[in-house]
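The report below looks at how parts of this chain pack against one another, and is best read with the sequence and coordinates at hand.

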Amino acid sequence: MSVVLMENVHIAPVVGPEIPSGHIHVEGDRIVALGPGPAPAVPGATRIDGTGCLATPGLVNTHHHLYQWASQGLAQDATLFEWLVALYQVWAAMDAEVVKGAAGAGLGYLALSGCSTSSDHHYVFPKGRGDLLAAEIEAARDVGIRFHPARGSMDRGASQGGLPPDVVVERLDDILAATAEAVDAYHDPSFSSKLRVAVAPCSPFSVSADLMTEAAALARSKGVRLHTHLAETLDEEEHCLAQVGLRPVDYMEELGWLGPDVWFAHAIHLSDSDIDAFARTGTGSAHCPSSNGRLGAGIARVSEMLRRGAIVGLGVDGSASAELTSLSGEMRQALLFQRARYGPAALTARQALEIATLGGARNLGREEEIGSLEPGKLADIALWRTDGAFASAVTDPVCTLVFGSRQPPLARLLVGGETVVEDDELRTVAQDELGRAGGEAHRRLMRLAGERGFAAGKEVRS
Ligand SMILES: [Zn+2]
């Protein structure tokens, strides 16, 4: 069994006290010990000198749409609904080749920002365009981080009062069959799992109540988690009130969609009683501050949610509404949003680190396995170099990581004890090729969308 010893490192384990100069002992894919001082002598071990570095749990991304890597920079000044209406017509043109290139680049970019586990919410499956879910799963295997794809869906097109055009929605029966098939084919419930599938109808304004209840029944029968967008904008709240006479969280409660197996993306426009319902039921949420800022959607009540005991993780959201957003940067963005709105004590650097790690693990139902550095947990470890020439004027490495607008160099990212990133470079795949394939995916999608009549630059109608 391979042994890795990381030493002379400042450890921020998230659970338990920080260790200013200590070691982490990894055997196989697990952490077996950590503590102050030097590592024990283990013959044949790989030693990583962490002098001048901060070790944290690998970051956990709990909301994304990887395919959107191929549709960045469009509808730049639009509201969520305007942006969606513009982009549905682009996404209708995607195929498996676009998804493979986009997902590879998106996941590589995440790994370079210290992310060791990512979910993805893929909800557009145009007919006859190849196996889009298989394409992103293959990309995740190549990059080597843990992957939680959520099989998304939309069944309520414009002709049924929904927002998306009918061309991008699927039939309810087809969705349930394809989702069950995805769980059966890919979901691995084991402790060390690098692949777990969730069930994820898209949003209240693009799916039917029947799909929501059937999806919940399916997920619960198979023991997998549920995910959807919720309370992202006030437009959504108006839509829900007009169509079903309920605010979004009340609607979810009526559909059986609050519970410890559910996490929502965004959850911005919540009342006190909504927050209490999340806390009471163990319902999680993925805070995506850059995307929320980009779309002018609002600022989630994260500090209040934490104060009342609700689960909060972080997400970068799809790259089309959060271009080139790093997961490490979302800690800072979350902290600044809360402080700008609620004052300087609203969220500490360590709370920001906690939601980026343990909060995310709880969203994904994996707090026993990842999200903190503890003996027995999986060895998903980010090692940040916090002693650079300019950074040397800051003595608290967690402050360096969270407060700085430039990410400190990522000396190492271990996923299950295996090196995925070393010195800011992917070691599992050819980094430049991966990035270029993302660009190719963008150009391919724009060409395919152009053939359907989409014209970039004219995407938002006035
Ligand atoms: Zn989203």
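Which residues in α11 meet which residues in α12? In this predicted model, Met331, Ala334, Leu335 and Arg339 of α11 are in contact with Ala349, Ala352, Leu353, Ile355 and Ala356 of α12. The residues of this contact comprise eight nonpolar, no polar and one charged.

Two packed helices are described by the angle between their axes and the distance between the axes. For helix α11 (residues 327-342) and helix α12 (residues 349-363), the axes come within 9 Å and cross at roughly 125 degrees; angles of 65 to 115 degrees would count as roughly perpendicular and those over 145 as roughly antiparallel, and the two helices are therefore oblique to each other. The crossing in which α11 passes α12 is right-handed.

The nonpolar interior can be described next. The largest nonpolar core has 122 residues, and Trp83 and Trp91 are those with the most contacts inside it. Apart from this core lies another, of 17 residues, which includes Val9, Ile11, Ile19 and Val26.

Two residues and their contacts are set out here, leaving aside neighbours within four places in sequence.

| Residue | Contacts |
|---|---|
| Trp91 | Tyr67, Gln68, Ser71, Trp83, Leu84, Tyr123, Val124 and Pro126 |
| Glu425 | Leu112, Val420 and Gln431 |

Glu425 lies in strand β17 (residues 425-426), and its relative accessibility of 39% is why Glu425 counts as partly exposed, given that this class falls between 20% and 50%. Although Glu425 and Ala111 are 314 residues apart along the chain, their C-alpha atoms are separated by 9.4 Å.

Notes:
Residues numbered from 1 in each chain as written. Predicted model: local features only at pLDDT ≥ 70, side-chain atom pairs only at ≥ 80, totals over all residues. Heavy atoms only, no water. Axes fitted to C-alpha atoms, helices over the stretch in contact; angles between N-to-C directions. Helix = DSSP H or I, 4+ residues; strand = E, 2+ residues; numbered from the N terminus. Parallel < 35°, antiparallel > 145°, perpendicular 65-115°, else oblique. Left-handed = near helix turned anticlockwise from the far one by under 90°. Contact = heavy atoms within 4.5 Å. Nonpolar A, V, L, I, M, F, W, Y, C, P; charged D, E, K, R; others polar. Core = buried A, V, L, I, M, F, W, Y, C linked by side-chain atoms within 4.5 Å. Buried < 20%, exposed > 50% of the residue type's maximum accessible area, 1.4 Å probe, protein only.
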